[in-house]
Amino acid sequence: MKKIILLGVGIMCGVGAFAQANILKDAERAMKAKEPMKKVVEIATPAFTNPETQNMAQTWYIPGKAAFNEYDNLLGLKAFGKLPEKGQATMGANLLDGYDYMMKALSLDSVPNEKGKIKTKYSKDIISTLVGHYNDYNNNAIELYNMEDYKGAYKAWGIYLDMSEQPEKFKGINVPGDTLLSEIAYNQALAAWQNKDLRASLNSFLRSKDLGYSKKNIYDYALSVANELQDSDAIVAIAREALPLYGNEDPTYIRFIINDYLVKKDNENALKAIKEAIASDPNNAEYYIVLGVIHDTQENRAEAKAAYKKAIEINPQSATANYYYGRAIYQDAYEAQDKGPSETSQINAYFNSTVKPILEESAKYLETANQLDPENPDPLKLLENVYYSLNDEAKLNDVQQRLKLL
């Protein structure tokens, strides 16, 4: 009985292998007949998972070749303005899927035989096909991006960059300089961002930067993505790199660095970092604002107030400096109020002589901050308290009306 069973298994395996061979022959005939990739894949699909054929280069080469055949046919139609509906999307799928099939076939076509000698049947044609379509990956990535297929665009640009980094493997490609490659990696990062794949986007921004892209926008975008990911290590690394390049025109970078110190409660290094920045650019009002914020965090109000005042001296048109300085003066007023007399007969006189002038000075800077940045509600909210304390009904109503318009 055991012999009969074993014989039966042998027959079944033979039939299975025969059936899989026929499937591949049918798929190859469809490929040579220039049938669409989708049809060839449908025919070949059983062979993708069958143990008899899944590790054969031919299994993957056939649909890969069909993909590039269809792409070339559609490209010819496009040249004559006869591309069918959704033809561009099909071309993108041909390139992306075709690459995957061909690379799978290539990995299986380079396996040593039992004597240790490597024999290949499809590798030469695979490499030739991919090299011949090298620039198509960049061109179609742009098309896919414009069609809002951001995932496809990201992958197409990734293939182009991967091939560019392996000229010894893909012999014959004309690899562009790093400037163009860095711009392509930058575009790839934008595609991943649009696709809401933040980690891939950040990696592509960093890849672009490593390839030489150093314009300010790459640091800003990379920081934005890293911030969404809450990747503090990446945030600090990017900000530190951007600081010597663009710190003089944008305080964002030093803010990120210092915020990291403050989160870690490393006040000493936070102060050290901002003082180094001020030393390198002593006329940067934004740096003094950051210095003031650090002092505020440490409840060093006198030092904070002095830093905000210095920022205004450097740049009187800074809405932020005027707001913070006005707020600091407002805090002085209430500190003075707390120190005032408790006798009813002396309260009004003390308020008019001591507290009122401080509140009026605070109002002056807060009004300036509002004029410079009318969309920011914070100065108005503080002015509401100031005018209430001053018992100035007309100005209080005016501020409340302005708040309603925001």
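How many salt bridges does the structure hold? The count is 21. Keep in mind that this is a predicted model. I will go through three of the pairs, then a network.

Start with lysine 65. Its salt bridge partner is aspartate 125, and the closest N and O atoms are 3.0 Å apart. This pair links distant parts of the chain, with lysine 65 in helix H3, residues 57-79, and aspartate 125 in helix H5, residues 123-132. The two are 60 residues apart. On accessibility, lysine 65 has a relative accessible area of 18%, so lysine 65 is buried, the cut-off being under 20%. Aspartate 125, at 27%, is partly exposed.

Next, aspartate 231 and arginine 199. They form a salt bridge whose closest N and O atoms are 3.1 Å apart. Here aspartate 231 sits in the loop between helix H10 (216-229) and helix H11 (232-246), while arginine 199 belongs to helix H9, residues 198-210. Again distant parts of the chain are linked, 32 residues apart. Aspartate 231 is buried, with a relative accessible area of 18%, and arginine 199 is partly exposed at 39%.

The third pair is arginine 255 with glutamate 286, closest N and O atoms 3.4 Å apart. Arginine 255 is in helix H12 (residues 252-263) and glutamate 286 in helix H14 (residues 285-297), so this salt bridge ties together parts that are 31 residues apart in sequence. Arginine 255 counts as partly exposed at 31% relative accessibility; glutamate 286 also counts as partly exposed, at 24%.

Last, the network. Arg301, Lys305, Asp332, Glu335 and Lys339 are joined into one network by salt bridges that share partners.

Technical notes
Residues are numbered from 1 along each chain as its sequence is written. This is a predicted model: local features need pLDDT of at least 70, side-chain atom pairs count only at pLDDT 80 or more; totals for chains, interfaces and linings use all residues. Side-chain values use heavy atoms; hydrogens and water are left out. A salt bridge is a side-chain nitrogen of Lys or Arg within 4 Å of a carboxyl oxygen of Asp or Glu. Helices (H or I, at least four residues) and strands (E, at least two) are DSSP runs, numbered from the N terminus. Buried means under 20% relative accessible area, exposed over 50%, partly exposed in between (1.4 Å probe, protein chains only).
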